[in-house]
Amino acid sequence: MLPLDGFRVLDLTRFLSGPYCTMVLAEFGADVIKIEQPVTGDDSRRMAPKVNGESYPFAMPNRSKRSVSLDLKTERGRELFLELVKTADLVIENFRPGVVKRLGIDHESLKAVKPDILYCSISGFGQTGPYRDRPGFDIMAQGVVGFMRMTGEPGGKPVKVGIAINDIAAGVTAVYSILAAEMNRRATGEGQYIDISLVDAGLAWTVWESGAFFADGEVPQATGTRHRRSTPYQAYRTADGYVVIGANNDRLWLRLLNDVLQKPEWAEDPRFATLPDRMANIDELEREIEAITTTATTEEWIERLDRAGVVGGPVLTYDEALRDEHVLSRDMVVELEHPVIGPMKTIGPPAKFSGLDFSVRGPAPWLGQHTASVLQEAGVDEGEIKELFTEGVLFDAHPDLQER
């Protein structure tokens, strides 16, 4: 028994923020039905690399779901969608504001069909405000909330965070907001409209940065790998790469000096004696530490840091991270069988529960894989379903695989 067993989601989202949210809901037990347009489906299905014609990037956040492909621009397609709404608990979409109204699948229209429906909209700027009609992707949101000005090396060009951080922030925000709305619905019987913005979600994560700005007007700048409030807390060059050192309090600082760097005299050095001293002389401190760390390998420094109880670790490339023995021991790389791709790997769920099977429940569906079966569950006549496939209202990318 999973916590969202019996909770049905109609997922109209594309790309990453919404699909990430519904992937999490699916692996908590929700029946997530991905509603996609015929022939093309979710835009991310076109992303390379592809294996046997199926997009691997699409397959990552769309696992554990079912796919129904129907044309919402046709009258019958909308009617079938509304029939599915009657069986659903949540509808989630990430169209630009106004599109769902034109299609007749906005919150007010669906509330007339299912009064207690939960409805979540994810967009770049949200459903209100002067920018509400602007299109919005992750890179736009990273620029608007200031991330690109606080990432990278000091004095360098603006740098995008290496992952689609605002997309994921919006997806995570949607997850906990939907769960809160469902808890409220179970207590009161009331539906809810949830408005999630990539900009709002990213800005909400600037906890320390906002504190510094509201306190004394500090505008966060790019600091490379350095911390804005403490040092040493960054990556340092070694003989064969980089090592991260996090000695950000006096106790760890003294351990670093005495047991790792063999520089006990720095404890009395006026340049480094206190944290304010170290922050004032951070460039000099980096040069002094790197003069030492470059004399040994990353692995040697990690061994010394571990023995001393000082926070430290390697700076891995992504492929090295996915091969790391600790990552693998935590089941963060999962193997599964995709009906078109074949054997494949994906990233496992990050939370580990003592008595809950929070796991990958299945591969991502091919486009329209469950169109016929879901509509049959809803009571649509098999003959009409075949007719609608012929008319192009419904779509299945691989009808030949249905018999296998």
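Which strands does helix α3 (residues 75-85) lie across? Select the helix and look at what is beneath: α3 lies across β1, β2, β5 (66-70), β6 and β14. Its direction runs at about 150° to β1. Keep in mind throughout that this is a predicted model.

**The seven-stranded sheet**

Next, select the strands in the order β8-β7-β6-β1-β2-β5-β14, which form an open sheet of seven strands with mixed pairing. At the edges are β8 and β14 (394-395), each of which pairs on one side only.

Now colour β1 (residues 8-12) and β2 (residues 31-36). These two strands pair in the parallel sense over four bridges. To find one of the bridges, pick Val9 and look across to β2, where its bridge partner is Val32. Then add α7, which packs on this sheet and touches β6, β7 and β8. The direction of α7 makes about 165° with that of β8.

**The cores**

Show side chains for the largest nonpolar core, which has 36 residues. Phe7, Val9, Leu25, Leu90, Cys120, Ile122 and Ile178 are the residues with the most contacts inside this core. Two or more residues each come from α1 (17-27), β6 (90-93), β7 (118-123), α6 (138-144), α7 (165-188), β8 (192-197) and α8 (198-203). The element that gives the most is α7, with seven residues.

Centre the view on Cys120. Which residues is Cys120 in contact with, leaving aside its neighbours within four places in sequence? They are Leu90, Val91, Ile92, Glu93, Ala174, Ile178, Ile194 and Ile196.

Then move to a second core, separate from the one just shown. This core has 27 residues, including Phe81, Ile105, Val374 and Ile385.

**The three-stranded sheet**

Select β9 (233-237) and β11 (311-314), the edge strands of another sheet, each pairing on one side only. The strand order in this open sheet is β9-β10-β11, and the pairing is antiparallel. On average, neighbouring strands here are turned by 20° against each other, direction ignored.

Zoom in on β9 and β10 (residues 242-246), which pair in the antiparallel sense over five bridges. Pick Tyr236 as one end of a bridge; its partner in β10 is Val243.

Last, add helix α13 (residues 298-308), which packs on this sheet and touches β10 and β11. The direction of α13 makes about 20° with that of β10.

Conventions. Residues are numbered from 1 along each chain as its sequence is written. This is a predicted model: local features need pLDDT of at least 70, side-chain atom pairs count only at pLDDT 80 or more; totals for chains, interfaces and linings use all residues. Side-chain values use heavy atoms; hydrogens and water are left out. A nonpolar core is a set of buried Ala, Val, Leu, Ile, Met, Phe, Trp, Tyr and Cys residues joined through side-chain atoms within 4.5 Å. Buried means under 20% relative accessible area, exposed over 50%, partly exposed in between (1.4 Å probe, protein chains only). Contact means heavy atoms within 4.5 Å. Two strands pair if DSSP finds at least two bridges between them. Axes are lines fitted to C-alpha atoms, for helices over the stretch in contact, and angles run from 0 to 180 degrees between N-to-C directions.
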